[in-house]
Amino acid sequence: ADGSACLPFLNNDSDDFVGYETEFKGGARKLDSGGRPNPILLPMLDEALQLILEWKPSKISAAVSEMSCQIRKTALELGLK
């Protein structure tokens, strides 16, 4: 980097590509992060949600609450606020 920018950008005044484009794409593509769909992500998400349902959200909440209380108690004993 030259100190003024972390990443080089496309020079919009010419056809010289020096890095990333600065103009948004049209329509919903302007929200695209530049990545491409990863076909494994949705099956992984489905499996994770199935595990959460199997473990029961109420049981997860109770376990996390118990841990959070212990963390808070120890933090207060150490003088943390």
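A helix, as I use the word in these entries, is a DSSP run of H or I with at least four residues, numbered from the N terminus. By that usage I place Ile71 in helix α2. The model I consulted is predicted.

**Entry 1. Overall make-up**

I looked up the secondary structure and found 2 helices and 0 strands in the chain. I then turned to burial: of the 81 residues, 1% count as buried. For the accessible surface of the chain I noted about 7,700 Å², with 62% of that area belonging to carbon and sulfur atoms.

**Entry 2. Helix α1**

I located helix α1 at residues 41–55, a run of 15 residues. From its first C-alpha to its last I read 21 Å, close to the 21 Å expected at 1.5 Å a residue. Lys56 follows α1, and I recorded a positive phi for Lys56, near 70°.

**Entry 3. Helix α2**

I located helix α2 at residues 57–77, with 21 residues. The end C-alpha atoms of α2 lie 30 Å apart, which agrees with the span of 30 Å that 1.5 Å a residue should give. Just after α2, I found Gly79 with a positive phi of about 85°.

**Entry 4. The nonpolar patch**

I asked which residues form a nonpolar patch on the surface. I listed Leu42, Leu45, Leu49, Leu51, Ile52, Trp55, Ile60, Val64, Met67 and Ile71, which together have about 940 Å² of accessible area. The elements that give two or more residues to this patch are α1 and α2. I noted that α1 supplies the largest share, 6 residues.

I then checked one member, Ile71, on its own. Is Ile71 buried or exposed? Its relative accessible area is 59%, and the cut-off for exposed is over 50%, so I entered Ile71 as exposed.

**Entry 5. The salt bridge**

I searched for salt bridges and found 1 in the structure. Lys73 pairs with Glu77, and their closest N and O atoms are 3.9 Å apart. That distance satisfies the cut-off, which is within 4 Å.

Why are Lys73 and Glu77 separated by about one helical turn? I reasoned that they are separated in this way because they stand 4 residues apart in helix α2. An α-helix has 3.6 residues a turn, so residues three or four places apart point the same way.

Last, I compared each partner with the accessibility cut-offs. Lys73, at 46% relative accessibility, counts as partly exposed, since the value lies between 20% and 50%. Glu77, with a relative accessible area of 57%, is exposed.

Note on methods
Residues numbered from 1 in each chain as written. Predicted model: local features only at pLDDT ≥ 70, side-chain atom pairs only at ≥ 80, totals over all residues. Heavy atoms only, no water. Expected span 1.5 Å × (residues − 1). Patch = residues over 30% accessible without salt bridge, like charges linked within 9 Å, V, L, I, M, F, W, Y side chains within 5 Å. Areas by Shrake-Rupley, 256 points an atom, 1.4 Å probe, with all protein chains shown as cover. Salt bridge = Lys/Arg side-chain N within 4 Å of Asp/Glu carboxyl O. Buried < 20%, exposed > 50% of the residue type's maximum accessible area, 1.4 Å probe, protein only.
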